[in-house]
Amino acid sequence: MRNHPSSRDLAALQGAWEQISFEENGIPNAPDQTGAPDAITTFAENHFAVRTPEGVVLLEGHFELDASTSPKSVDWIDAIGPDAGKRLPAIYQLDGDHFIFIAADEGAPRPTAFHTGAGQTMRSFVRR
């Protein structure tokens, strides 16, 4: 399993990431309800947490990667916040120190392209 594409991507994702762009419902730089300026997202195994520079947790939960799909897919399951307990279907790209994903609302089809429509959120990150 170590050489499986999902295992490689999971290992590459570990650590701290800073969000550099946000798009929601087709609107670039829309107001971000679960982010904050300079917030850091950390990945530890299959857990994620978004914290302010002061350490306040804004969002956390777990995720499941599948790098065998095209585009690569990920499901986000928030533990807190407005989407707590919901499975949000998403796609992602992970290239070195750049990570981007686009997620849809629970029950909606998984996105197929890296631009948002209604009910979709896209976040781009760089490694810290």
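Helices (H or I, at least four residues) and strands (E, at least two) in these legends are DSSP runs, numbered from the N terminus. This is a predicted model, where local features need pLDDT of at least 70, side-chain atom pairs count only at pLDDT 80 or more, and totals for chains, interfaces and linings use all residues. Residues are numbered from 1 along each chain as its sequence is written, and side-chain values use heavy atoms, with hydrogens and water left out.

**View 1. A cis proline in the loop between β5 and β6.** Proline 71 sits in this loop. The peptide bond that leads into proline 71 from serine 70 is cis, with omega near -5°. For background, most peptide bonds are trans.

**View 2. The buried side of helix α1.** Buried here means under 20% relative accessible area, exposed means over 50%, and partly exposed is in between (1.4 Å probe, protein chains only). In α1, which spans residues 5–13, the buried set is Ser6, Ser7, Asp9, Leu10 and Leu13. Those residues are on the same side of α1 because they cover an arc of only 165° around the axis, the arc being that of the directions from the helix axis to the C-beta atoms. Their cover includes β1 (15–24), β3 (40–44), β5 (57–66), β7 (87–95) and β8 (98–104). Following α1 comes glycine 15, with a positive phi near 115°.

**View 3. The largest nonpolar core.** A nonpolar core is a set of buried Ala, Val, Leu, Ile, Met, Phe, Trp, Tyr and Cys residues joined through side-chain atoms within 4.5 Å. This one has 21 residues, and Phe43, Phe63, Trp76, Tyr92 and Phe99 touch the most other members. At least two residues come from each of α1, β4, β5, β6, β7 and β8, and β7 gives the most, with 4 residues. Zoom in on phenylalanine 63: leaving aside neighbours within four places in sequence, its contacts (heavy atoms within 4.5 Å) include Leu10, Leu13, Phe43, Val74 and Trp76.

**View 4. Aspartate 75 and its partner arginine 87.** Aspartate 75 is part of strand β6 (residues 73–78). This aspartate is buried, at 12% relative accessible area. Its side chain makes a polar contact with the side chain of arginine 87, at 3.0 Å. A polar contact is a pair of N or O atoms within 3.5 Å; within protein, one must be able to donate a hydrogen and the other to accept it, and residues adjacent in sequence count only if both atoms are side-chain atoms. Not counting residues up to four places away in sequence, aspartate 75 also touches others, among them His62, Phe63, Leu88 and Arg110.

**View 5. Strand β7 and its pairings with β6 and β8.** Two strands pair if DSSP finds at least two bridges between them. β6 and β7 run antiparallel, joined by 5 bridges; valine 74 has alanine 90 in β7 as its bridge partner. β7 also pairs with β8, again antiparallel, over 6 bridges, and here aspartate 95 is matched with histidine 98 in β8. The β7–β8 pair is a hairpin with 2 residues between the strands, and glycine 96 in the turn has a positive phi of about 60°.

**View 6. Positive phi at asparagine 25 and glutamate 45.** Most residues other than glycine have a negative phi. Asparagine 25, in the loop between β1 and β2 (27–28), has phi near 55° and is partly exposed at 43% relative accessibility. Glutamate 45, in the loop between β3 and β4 (47–51), also has phi near 55°; at 58% relative accessibility, glutamate 45 counts as exposed.
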